[in-house]
Amino acid sequence: MTDYKDLKIDTNIPEEEPARQEYFMVKCHELIEEFIIQNGVRPKFYVSTFGCQMNAHDSEKLIGILLKIGYDEAESEGEADFVIFNTCTVRENANQKLYGHLGSLKKKKETNPNMMIGICGCMMQQPEIVDYIKECYSFIDIVFGTFNFYKMAELLYRRMSGEKQVIEVLREPEKNVENLPERRKYSFKTGVNIMYGCNNFCTYCIVPYVRGRERSRTPEDIMDEIRKLVDQGVIEIMLLGQNVNSYGVNFMGESEIIKANPDYSFPNLLEEVCKIPEIKRVRFMTSHPKDLSDKLIDVIERNPKIARHIHLPVQSGSTEVLSKMNRRYTKEQYVALVEKIRNRIPDISLTTDIMVGFPGETEENFRDTLDVVRKCKYDQAFTFIYSIRTGTPAATMEQVSQDVVNDRFKRLLEVVRETSTVVSSRFAGQTKSILVECVNEQLPDYVTGRMDNNILVHFPGGKDLIGKFVDVKLTEPKGFYYIGEIAD
Ligand code: 5AD
Ligand code: SF4
């Protein structure tokens, strides 16, 4: 990354990325310095993130850019001069939450003339939402989408230098820009995108429309990024993609590794990452059951660095519903896959996503879902009520009545609760390696960390343990977390 002092800001605007964004970061920085002279305080930003791990990771990049520009980070939305919402649109309630926030910020903006509001992320990829914002939320300053979020500095500069409302949303990915600043939540662990988009077109899901077609980064590109992260002290990596098991179907850019081995796929990449000595733990998310190969199970089995955790969304336990969802597996195939994984890797933790109320779901279909939950013994299940997404095939199918859906959702929660409390307490008495994340908020003499299956563990210890792996005996199972003590 170029240093400010090395850049001549009065030269022509660079065409190439990320040089172009570096240029605009310098220009924004100048305006922020002017603001400080005029107002006597450094302005503050707050990034509010909705949705999945991919969004959380994109937000780390937005924060990196804003810090580089010269903003300070605010503790809350209410204290910030620039609030940016990185939105999710996977379910309707995510959209409603955003409108709630915008309503309350409007009043704040009336009393603070310097205040700016930006919105980006998946929701902005839907043209009707952008039209609605233009019409009903004219006080919003900047709008951009998932394909150009790296351009935030440029768009912010346009707004700061006088444009009233800057809206730029691309219909398709134009280019992939990496190597921008990024502020990681933890210095010792982070996510790395290995692919973008999704080609699966599950009939309920908006993601393929708002994140575009599947495109994988080359192994060279990913490994370069990981080596840089290692130089900065990272010891745990989470490889991120909507469907990591189809990594390698379409690469962005030339790769010598792929030329030499055209069959290179996700398990190869996982093994490469495990070979980096400084990387002590590798996670990945999300796995589509239809693409989870024997090769992947082999690689997990023989690499102790790979976390014993697979997030394997089932969505429904009914073959009939799965077919209407275009998931491309049956109930029996899913259950058989879970059995195969458990036979090969007995200490694996499985988590899942389940939806109730998909169009046409019958009581019998729903009972199949409960049956799968009981059979698969998930450590954790994320449960959702089906939400109509305009433009997806399921939106025009016959919907299930709200009362029936609510009743099924309650019953599903009960079964999930019963099974996962039993399952997740199965490690009681064992000693596990915990990566310590922080001092415990409620108990200052305790620290909090995670087992490789992502479950939280709290145990007595000091802040010197943060960022270290510690062997901890799990003394008390508490449902979704454990209390432990450092093992002798
Ligand atoms: N309604 C409800 N839940 C959905 N998901 C995706 N689309 C929808 C929808 N239209 C859930 C799926 C997915 C998770 C990220 O969100 O379970 O795995
Ligand atoms: Fe959506 Fe299906 Fe792609 Fe997951 S795999 S992002 S549920 S379309």
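**Exercise 1. Pairing in a three-stranded sheet**

Determine how strand 8 is joined to strand 9 and how the sheet containing them is ordered.

*Solution.* Step 1: strand 8 and strand 9 (residues 215-217) run antiparallel and are joined by 2 bridges. This model is a predicted one. Step 2: within this pair, Tyr196 is found opposite Arg215 in strand 9. Step 3: the sheet is open, consists of 3 strands in the order 8-9-11, and has mixed pairing. Step 4: strand 8 (195-196) and strand 11 (251-252) are at the edges with a single partner strand each, so one side of each has no neighbour in the sheet.

**Exercise 2. The surroundings of ligand 1**

Identify the polar contacts of ligand 1 with Arg91, Tyr204 and Gln315, and describe the shell around this ligand.

*Solution.* Step 1: the residues around ligand 1 are Val90, Arg91, Tyr204, Gln315, Asp353, Met355, Phe384, Ile385, Tyr386, Ser387 and Arg389. Step 2: sorted by class, this shell comprises 6 nonpolar, 2 polar and 3 charged residues. Step 3: the side chain of Arg91 places an N or O atom 2.8 Å from an oxygen atom of ligand 1. For Gln315, a side-chain N or O atom is 2.6 Å from an oxygen atom of the ligand. At Tyr204 a polar backbone atom is 3.0 Å from a nitrogen atom of ligand 1. Step 4: ligand 1 taken alone exposes 400 Å², of which the protein buries 85%. Step 5: strand 14 (349-356) and strand 15 (380-385) are the elements that give two or more residues to the shell.

**Exercise 3. Two residues with positive phi**

Decide whether Gln315 and Arg328 are buried or partly exposed, and locate each of them.

*Solution.* Step 1: Gln315, although not a glycine, has a positive phi of about 70 degrees. Its place is the loop between strand 13 (309-311) and helix 11 (319-324). Step 2: the relative accessibility of Gln315 is 8%, so this residue counts as buried, the cut-off being under 20%. Step 3: Arg328, likewise not a glycine, has a positive phi of about 65 degrees. Arg328 belongs to the loop between helix 11 and helix 12 (331-344). Step 4: its relative accessibility of 47% means that Arg328 counts as partly exposed.

**Exercise 4. Cis peptide bonds**

State where the cis bonds from Glu17 to Pro18 and from Met285 to Thr286 are placed.

*Solution.* Step 1: the bond from Glu17 to Pro18 is cis, with omega near 5 degrees, and Pro18 lies in the segment before helix 1 (19-39). Step 2: the bond from Met285 to Thr286 is also cis, with omega near 5 degrees. Thr286 is in the loop between strand 12 (281-285) and helix 10 (294-302).

Key:
Residues numbered from 1 in each chain as written. Chains lettered and ligands numbered in written order. Predicted model: local features only at pLDDT ≥ 70, side-chain atom pairs only at ≥ 80, totals over all residues. Heavy atoms only, no water. Near = heavy atom within 4 Å. Polar contact = N/O pair within 3.5 Å; in protein donor to acceptor, adjacent residues only side chain to side chain. Areas by Shrake-Rupley, 256 points an atom, 1.4 Å probe, with all protein chains shown as cover. Helix = DSSP H or I, 4+ residues; strand = E, 2+ residues; numbered from the N terminus. Nonpolar A, V, L, I, M, F, W, Y, C, P; charged D, E, K, R; others polar. Pairing = 2+ DSSP bridges. Buried < 20%, exposed > 50% of the residue type's maximum accessible area, 1.4 Å probe, protein only.
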